[in-house]
Amino acid sequence: MGALTENSVQVIHDAGGNPAFAVIPYSTYLELTYQHRADETIPHDVLSRTIKEDMTPIRAWREHLQLTQAEIAERLGISQSAYAQQETAERPRKATREKIAKVFGIAPALLDF
């Protein structure tokens, strides 16, 4: 991960002079977010949706990321109904999971549970 230095972080203060926000380089932000780390665990929200609401991992991730079926289908270059079939499949093909994971910005392994 890119090293954070005093010069690479901007601190924004509130009206009272207290630190309120820190602005970091975008590349550092990407490294810190789960969407760009292959070693990240599955968020509780995703697991909860699969267990409590009996969702497939693909649907749970999509809803967690606040994306619509139409948005994902467009990014994949397929129809919304074709994507909906993939989302409800109990065990989609590995190649399908890889393509969807790429659109979600996560490691394919995070869809295989």
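Asp-54 sits in the loop between helix H2 (44-52) and helix H3 (57-64), and in this predicted model its phi is near 55°, a positive value in a residue other than glycine. That is worth a pause, since most residues other than glycine have a negative phi. Asp-54 counts as exposed, because its relative accessibility is 68% and exposed means over 50%. Seen from the helix before the loop, H2 is followed by this residue with its positive phi.

A similar story turns up further along the chain. Gln-66 is found in the loop between H3 and helix H4 (69-76). Just after H3, then, Gln-66 takes a positive phi of about 55°, and it too is a residue other than glycine. With a relative accessible area of 71%, Gln-66 is exposed, because the cut-off for that class is over 50%.

Back to the helices on either side of Asp-54. Two packed helices are described by the angle between their axes and the distance between the axes. For H2 and H3, the axes come within 9 Å and cross at roughly 135°. H2 and H3 are therefore oblique to each other. As for handedness, the crossing of H2 and H3 is right-handed. On the H2 side, the residues that meet H3 are Asp-45, Val-46, Arg-49 and Thr-50. Their partners in H3 are Pro-57, Ala-60, Trp-61, Glu-63 and His-64. Sorted by character, the residues of the contact of H2 with H3 divide into 4 nonpolar, 2 polar and 3 charged.

So which residues of H2 are buried? They are Val-46, Ser-48, Arg-49 and Thr-50, and the buried residues of this helix pack against H3. Arg-49, which lies in helix H2, deserves a closer look. Its relative accessible area is 18%, so Arg-49 is buried, given that buried means under 20%. Leaving aside neighbours within four places in sequence, Arg-49 is in contact with Asp-54 and Met-55, and also with Ala-60, Glu-63 and His-64. Asp-54, the loop residue with the positive phi, is thus one of the contacts of Arg-49. Ala-60, Glu-63 and His-64 in turn are among the H3 residues that meet H2.

H3 has its own set of buried residues: Pro-57, Ile-58, Ala-60, Trp-61 and Arg-62. What do the buried residues of H3 pack against? Their partners are H2, H4, helix H5 (80-88) and helix H6 (94-104). Pro-57, Ala-60 and Trp-61 are buried and also take part in the meeting with H2.

Moving on to H4 and H5, the axes of these helices come within 8 Å and cross at roughly 105°. That makes H4 roughly perpendicular to H5, because angles from 65 to 115 degrees fall in that class. H4 brings Gln-69, Ala-70, Ile-72, Ala-73 and Leu-76 to the contact, while H5 supplies Gln-80, Tyr-83, Ala-84 and Glu-87. These residues of the contact of H4 with H5 divide into 6 nonpolar, 2 polar and 1 charged.

The strands come into view with Ala-20, which is found in strand E2 (residues 19-23). At a relative accessible area of 39%, Ala-20 is partly exposed, because the value falls between the 20% and 50% cut-offs. Not counting residues up to four places away in sequence, Ala-20 touches Ile-12, His-13 and Asp-14.

Now for the chain as a whole. The protein chain has 6 helices and 2 strands, and read along the sequence it follows the pattern β-β-α-α-α-α-α-α. Of its 113 residues, buried ones make up 29%. The accessible surface comes to about 7,600 Å², and 52% of that area belongs to carbon and sulfur atoms. Finally, among contacts between residues at least 6 apart in sequence, 41% join residues at least 24 apart.

Notes: Residues are numbered from 1 along each chain as its sequence is written. This is a predicted model: local features need pLDDT of at least 70, side-chain atom pairs count only at pLDDT 80 or more; totals for chains, interfaces and linings use all residues. Side-chain values use heavy atoms; hydrogens and water are left out. Helices (H or I, at least four residues) and strands (E, at least two) are DSSP runs, numbered from the N terminus. Buried means under 20% relative accessible area, exposed over 50%, partly exposed in between (1.4 Å probe, protein chains only). Contact means heavy atoms within 4.5 Å. Axes are lines fitted to C-alpha atoms, for helices over the stretch in contact, and angles run from 0 to 180 degrees between N-to-C directions. Angles under 35 degrees count as roughly parallel, over 145 as roughly antiparallel, 65 to 115 as roughly perpendicular and the rest as oblique. A crossing is left-handed if the near helix is turned anticlockwise from the far one by less than a right angle, and right-handed if clockwise. Ala, Val, Leu, Ile, Met, Phe, Trp, Tyr, Cys and Pro count as nonpolar, Asp, Glu, Lys and Arg as charged, and the others, Gly among them, as polar. Accessible areas come from the Shrake-Rupley method with a 1.4 Å probe; for residues, only the protein chains shown count as cover.
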